[in-house]
Amino acid sequence: MHHSKRRTLVIALPFALACAAVLTTYAALRDRLPDPLATHFPASGKADGFSGAGSFLAVAIALLAVQGAIFAVLAHRSSRGTGSPRLMVAFAYGVSGLLGYAFPATLFANADVPDAADVRFPMWQLAVALACALTAGGVGRLLAGADAPSAAGPAGEPHRLPLGKGEAAGWTRTVTSGVLLAVGLGLAGVGAVLAFTVNPGSGLPMAVVGALAVLLSGCRVTVDRRGLTVSPPVVRLPRLRVPLGRIEEATSRRVDAVGDFGGWGYRIRPGRRGVVLRSGDALCLRLSTGKEFVVTVDDARTAAALLNTLVDRARADLGGDRPAAAG
Amino acid sequence: MLFTVDPGSPVPLGDQIAASVRRAIADGTVHPGERLPAARALADSLGVNVHTVLRGYQRLREEGLIELRRGRGAVVTGAATSAGRARLVEGVLGLVGQARAIGLSDDELLALVRNGLAGGG
């Protein structure tokens, strides 16, 4: 628990600092700012969007506070399991570093300019903001400490399925992610509404991302003589396949999406990867490279047993055909 | 859902595939409304002809256990009694097997079944 609290504080710190930076900058400059402020600048650097100081501050603080809260929750949940929050901490520092520079810099750009329309925010400001983000990210990475070695949850026992000599067998199931589906539908809906009511430019990207999330929210998991295959529920491609030759052993166990993998979707952690669509029963492969590959799916125990049997059979076939042991 | 086929068995491959689906429905591994794998995908998985799989799916459709819908593929019928029905069909096939094993003709078996229906009430 001590470990978890430290990590949560470490990840919330930069957001608090960024909020403090915004507020102290405003406090120092408030008498020298035009009303309203220039707050939006396209590539040319000339101001094209304005808002009152109050709304600007409210948006800035809200953005930082919400992001800080989300990262804090993720950090708290991830250190309970195994996970690798080092990248996440670095990212959190990077984001807060970017905003922690950009918001005060906007205020400084507005200082001592009587008419907000004359405020300039040139492109090099963006470069500086990114530099801040990268530096902050580096600091975050250092502060996060070393990643805990991936202590996997209690590994299941490798089972086998009784399969006759000439018998062919296959196992297949679909799995859906409620989270991805809900988020995808929400984004697609909001995007569609924006595209129709405001203008296509603002809604279309969001609608497309939402549609993609919905399409990828489910998949079909198949175990057969070709190995493990993960594919979209309806079409054949794109698909992910792990051939029998690359599999050492298959087991099943319960995984926690956020705690063990930091979220949903195609997840990458030190020493393990996976298609994690929901918490719960999962098929866990130990690959010949030593790494782990995980797919969350119901009845993973049967899938693992079949996979072990097929791997045994493939090894036996190889052993029979070739007199020399495979390198 | 687990499918096993034994090319060495006298039972036709299509019937074996139907039996695998029937078992999955009977023991609740597959729920009403759930979609079965596409015939081509299952055929590739097991290394059999796609028409073999289609024959198996047709059989299940005739038994009222699945529906074949355009665009959606094979779907387990949504009736709450699906599992019971699957077990019943398994029972029927077992009955037929037993009857044949002791040399009973089809008519004799049907007469026994009619007796059972009349008497049981």
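What does chain B average in pLDDT, and what share of the residues score at least 70? Let's begin there, since this is a predicted model.

**Exercise 1. Find out how confident the predictor is about chain B.**

Solution.
Step 1: Take the chain as a whole. The average pLDDT of chain B is 91, and 98% of the residues score at least 70.
Step 2: Go element by element. Helix α3 (residues 50-62) of chain B has the highest mean pLDDT, 95, while strand β3 (residues 73-76) of chain B has the lowest, 88.
Step 3: Keep a reading rule in mind. Where pLDDT is low, predicted coordinates should not be read in detail.
Step 4: Add the scores of the model, which are ipTM 0.85 and pTM 0.70.

**Exercise 2. Describe the interface of chain A and chain B.**

Solution.
Step 1: Count the residues in contact. Chain A gives 20 residues and chain B gives 16 residues.
Step 2: Look at the area. An interface's size is often given as the accessible area lost when the parts come together. Here about 1400 Å² is buried between chain A and chain B, with 47% of that area coming from carbon and sulfur atoms.
Step 3: Check the interactions. Zero salt bridges are found across the interface of chain A and chain B, but eight residue pairs are in polar contact, both residues being at pLDDT 80 or more.
Step 4: Ask which elements of chain A take part. Those giving two or more residues to the side that touches chain B are β3 (168-176), β4 (218-224) and α8 (300-321) of chain A. β3(A) gives the most, with six residues.
Step 5: Sort the residues on this side of chain A by kind: eight are nonpolar, five polar and seven charged.

**Exercise 3. Trace the strand pairings that involve chain B.**

Solution.
Step 1: Begin between the chains. β3(A) and strand β1 (residues 2-5) of chain B run antiparallel and are joined by four bridges. In this pairing, A:Ala169 stands opposite B:Thr4.
Step 2: Now stay inside chain B. Strand β2 (residues 66-69) of chain B is joined to β3(B) by four bridges, and these strands run antiparallel. B:Leu68 stands opposite B:Ala74 in β3(B).
Step 3: Look at the turn. β2(B) and β3(B) form a hairpin with three residues between them, and B:Gly71 in the turn has a positive phi of about 85 degrees.

**Exercise 4. Explain what the salt bridge between A:Arg160 and A:Asp312 ties together.**

Solution.
Step 1: Check the distance. The closest N and O atoms of A:Arg160 and A:Asp312 are 2.4 Å apart, and the cut-off for a salt bridge is 4 Å.
Step 2: Place both partners. A:Arg160 lies in the loop between α4 (124-144) and β3 of chain A, and A:Asp312 lies in helix α8 of chain A, so the pair ties together parts that are 152 residues apart in sequence.
Step 3: Set this pair in context: the structure holds 15 salt bridges over all chains.

**Exercise 5. Pick out unusual backbone geometry in chain A.**

Solution.
Step 1: Recall the usual case. Most peptide bonds are trans, and most residues other than glycine have a negative phi.
Step 2: Inspect the loop between α1 (2-29) and β1 (37-40) of chain A, where A:Pro36 is found. A cis peptide bond joins A:Asp35 and A:Pro36, with omega about 0 degrees.
Step 3: Move to the loop between α3 (85-110) and α4 of chain A, which holds A:Asp112. Phi of A:Asp112 is positive, near 65 degrees, although this residue is not a glycine.

Notes
Residues are numbered from 1 along each chain as its sequence is written. Chains are lettered from A and ligands numbered from 1 in the order in which they are written. This is a predicted model: local features need pLDDT of at least 70, side-chain atom pairs count only at pLDDT 80 or more; totals for chains, interfaces and linings use all residues. Side-chain values use heavy atoms; hydrogens and water are left out. Contact means heavy atoms within 4.5 Å. Buried area is the accessible area (1.4 Å probe) that two parts lose on being put together, summed over both. A salt bridge is a side-chain nitrogen of Lys or Arg within 4 Å of a carboxyl oxygen of Asp or Glu. A polar contact is a pair of N or O atoms within 3.5 Å; within protein, one must be able to donate a hydrogen and the other to accept it, and residues adjacent in sequence count only if both atoms are side-chain atoms. Ala, Val, Leu, Ile, Met, Phe, Trp, Tyr, Cys and Pro count as nonpolar, Asp, Glu, Lys and Arg as charged, and the others, Gly among them, as polar. Two strands pair if DSSP finds at least two bridges between them. pLDDT is the predictor's confidence in each residue, from 0 to 100.
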